[in-house]
Every structure is written in structure tokens, then in C-alpha cells.
Amino acid sequence: VLNYLQNAGTDHTYLSIWTRLVNPITGGLYLFSFLILLQYSLRCKKFLWLPAGIVLGLMTGYVFSFTLAFFLVFFWTLVFIIKREYSQVYKLIKILIVGGLVNLHTFNYFLFLRTEGSNNVSPFRSGLLETNSFLLNKVLIVTTLIFVVTFYFFRNRIAENGSSFSSLKLWLFGLIVSSLVSMNIQVVLGYAIWPQHFVQYTNIFSVLVLVSSIVLICEHKFKIIGKLILILLIVLPFAFAIKTVDSYKFSLNSFANEQRYAEALNWINKNGDNNCSVLVNEKRDKLAPFIAILTKCNSYHTSYVSVGLPYMRVMHNYFVLLRMEGVNEENIEQYLNENKSEIYHEYFFRDWKDMFYESRDPWLISISNRSEIEGWINDTAKSIALSYKEFLKKDFYEEVTKYNIDFVVWDENSGLISPKEKMPFTEEVYSSSGIHIYKVLKE
């Protein structure tokens, strides 16, 4: 936070990959809705276990919130088994069963990915990491220590107030346990799912535990200091928001530039057939995402290759863009050497250890074999160069139309040459505000 406040709006801001807002918001809504339903279902005999199970099942769309919720249920199951409250155990099992039934399709898809499917679609390209490395999160460690110290010194107070304080202690302890287990399940399973995303919610859990501990301490001692701390906790988020409220100004030029796309997108909607395909000639995805979002057409190419896109299609699209950019047999090796990040970060990474090869995060460095990755990058560059030379020998029209394509879009501000030069089988059908649309002439 200090680094951000000191360098806000400059190119020198470095935010750790452990710095996460609660995003996506739907994951947070599902998670805390589930926590509320779980609490009420354990406190009454009504059928609240049913909606709790449904919400749990819906959460698997975002595995991080689901994992935390699952291990919290597991924690309470163990608690009630120890306390021999088997009616509560039965209720928790029903929640898990309902969640499982809601998610049969998701488990089936996961099994498909785990076996890499039939098109070289690997779960490791979607964030699964192979490691048994233990992960110590500093925020969770500090939170755990404060929690233990607080409830140790106030154990007599807890005993005097009966079940209400005891229940609070267990709930807070459950939040800590589910967080620690979720971020370290790889120690047992041998696989981790990008733990940097768990902190989107474990940090919030830590805040809940810390605020509860502060309230408990300051209820009997240091009342004035306690009130000041609580006021500070309320004021800080607003102060941070005020400090960053004008951050949108740094993206105004980008927003203004994107307004030029509106007319071209409308033209595609009016003139394109349903499920038409559009190739955007650009180095980085800017206009291409709008094709899929705001038109009835599909995007021929995307750099978002980590989920469900077959490896051979990724390579095909990459070669098409290289050819349109003018990369030839003589300079392909030089191009790949100067643009290695396109290999390990954008298109051909095997897992996210490759993707974040240049990351400064200590944990990610500790589980990665940087020398092996560097060797793989060099070998892959050689392989890509050889394959690209073979691609250049083939008829470009036949290669491009191997997959459905109707239009090619080019932005004069992209820094790339007009696709017409490399695609004589197209004709220009639209030109405005620096955006050009070419129709592919089918043989």
C-alpha cells in the first residue's frame, strides 16, 4: 500500500502478486452468502442446509471461494464429531451432497482437463501448479498469533459468557484453519491452484479475525485506544478510496481511443452473418475482445490461450499473425529471440511457472526451476522457428481459411502494416476513424 501511494500513477509502481482486491465480486458474494446460510443452518432446525448446499455448489465456478467454503464445512464437521453432535454432522453432510449434485457437470469437466482431454488442453495452463511446497502467508501468521494470544488471555472471560463466546472463537478459528489448509493443500495433494488468488478472501477473513480480537481486547482494557483503532479501520478504506479516486485519468487516452471502435463494431453487427469470424491484425489484444463481447461474431484470434484452446490452434493463430507482421524465414530466429515473452508468457507456456518466469515473488521462485525453464524457452524457440518456416511454404489463403474467417480488421494506430499487402484475397469494405475492415473473398 505504501509503495502504491508513493508511486501512484507512475511507471514505477510495483504491486506484489499477493496484493489482491476481492475480485471477481461474484465469488465474494457467493462465499459470504454461504457463510451466513451455514451459520443459520447450524443454529436452527429449518431446511437452510438446502440453499447452503446450492450456493456451495454454485461456487465451484470460482474455485478459490469454493475451496475456502469446503474446508470450513470440513472443519465444522470435525468439531461436531468431536462434540458428538451427530445431528449437526448429518446436516453438514447434506450440504456437501447438495453441493456435489449441483456440480456434477463441473467435476466431469475437471476430470476431462485432468486427463488433458483430446486437444492438448492442460489444467496446468489454467493455473494448476505441481508442487509440495509449504506456503507461509505472513498476514495469516500474524492473524493466527493475535488470535491465539487474545483468546488465551481472555479464556476466563470466554468461560464466563458461555456458548456465545465459545461459538465466536470456533467461527474465527474456522476461518483461520480453512485459509491455512486451502493455501497448503498442495503439501498433501502435490498440486496447488495459483494460491495468490486465495488472498482475495483470506485477507478478508484475517480482517474479520483481527477486528473481533481487537474488540474483545478493548471491551475490557484500553477502551480509548480500542475505539481509536476501530475508527482508524473505518477511516482507512475511505482515505485510500479518496487517494485513488482520480486514477481513471491515467486511462482516459485509452478510453478515448476505444471509442473509435464503436462505428466499426456496429458495421460488423449489421453486415456480418451469425457466428461470423473476425481476425484483428494487432500485436496485443485491444480490439479483438470487443468482437466477442459486442458483436455477434467470433474472434479468430486471442491471446487468452490458457483456457480450453488447443495447442495446435494457438500455434496456427500465432503463425498467421507473424506472417501478417512480415516475419520471414530469414528473421524468424531474431524475432523470437527479441520477443521471448511471447513464448513463455503469452502463447506457449506449459504452466504458470513458465508464464511468470520473470516474477520476483520468492515463493514462485522457490518452486520453479529457472534454469530448466530457460532451456525450455530456447528449445521451444528453435522448434517454433522450424515449424514457422514450414508454414511459410504453404499457401497462405488455404492456411488462413482452414478455420472459419469472414473479415480482417486493422487499426492504423496498431503500428502494423495493412493486412492487404499480405492478404491479396481480401477487399476493403469499411474505413473510418483509422479502422479498416476487409472482407475475405472465398474461392
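## Ground rules

"Buried" here means under 20% relative accessible area, exposed means over 50%, and partly exposed lies in between, using a 1.4 Å probe and protein chains only. Trp410 is buried by that rule, because its relative accessible area is 12%.

This is a predicted model, where local features need pLDDT of at least 70 and side-chain atom pairs count only at pLDDT 80 or more, while totals for chains, interfaces and linings use all residues. Residues are numbered from 1 along each chain as its sequence is written, and side-chain values use heavy atoms, with hydrogens and water left out.

## The overall picture

The protein has 22 helices and 7 strands; both are DSSP runs numbered from the N terminus, with helices being H or I over at least four residues and strands E over at least two. Of its 443 residues, 43% are buried.

A contact means heavy atoms within 4.5 Å. Take the contacts with a separation of 6 or more: 71% of them come from residues 24 or more positions apart.

## Trp410 and Leu38

Back to Trp410, which sits in strand β5 (residues 407-411). Setting aside neighbours within four places in sequence, Trp410 is in contact with Asn281, Leu416, Ile417, Ser418, Pro419, Gly434, Ile435, His436 and Tyr438. Ser431 is 21 residues away along the chain, and its C-alpha atom is 9.6 Å from that of Trp410.

Leu38 belongs to helix α2 (residues 25-43) and counts as buried because its relative accessibility is 0%. Not counting residues up to four places away in sequence, Leu38 touches Leu72, Val73, Trp76, Leu92, Ile95 and Trp171. The C-alpha atoms of Leu38 and Lys91 are 9.9 Å apart, with their positions 53 residues apart along the chain.

## Helices α4 and α11

Helix α4 (residues 63-82) has 20 residues, so at 1.5 Å a residue it should span 28 Å, and its end C-alpha atoms are indeed 28 Å apart. (The expected span is 1.5 Å times one less than the number of residues.) Since 14 of those 20 residues are buried, α4 is largely enclosed by the rest of the structure. Just after α4, Arg84 takes a positive phi of about 60°.

Helix α11 (residues 199-218) also checks out: its 20 residues should span 28 Å, and the end C-alpha atoms are 27 Å apart, which agrees. Its buried residues include Val199, Phe205, Val209, Ile214 and Cys218. The axes of α4 and α11 come within 9 Å and cross at roughly 45°; axes are lines fitted to C-alpha atoms, for helices over the stretch in contact, and angles run from 0 to 180 degrees between N-to-C directions. The two helices are therefore oblique to each other, given that under 35 degrees is roughly parallel, over 145 roughly antiparallel, 65 to 115 roughly perpendicular and the rest oblique. Phe64, Ser65 and Leu68 of α4 meet Tyr201, Thr202 and Phe205 of α11.

## Helices α16 and α21

Helix α16 (residues 311-325) packs against helix α21 (residues 370-392) at an angle of about 70°, with the axes 11 Å apart. That makes α16 and α21 roughly perpendicular to each other.

On the α16 side, the contact uses Met315, His316, Tyr318, Phe319, Val320, Leu322 and Arg323, and they meet Ile384, Ser387, Tyr388, Phe391 and Leu392 in α21. These residues divide into 9 nonpolar, 2 polar and 1 charged, where Ala, Val, Leu, Ile, Met, Phe, Trp, Tyr, Cys and Pro count as nonpolar, Asp, Glu, Lys and Arg as charged, and the others, Gly among them, as polar.
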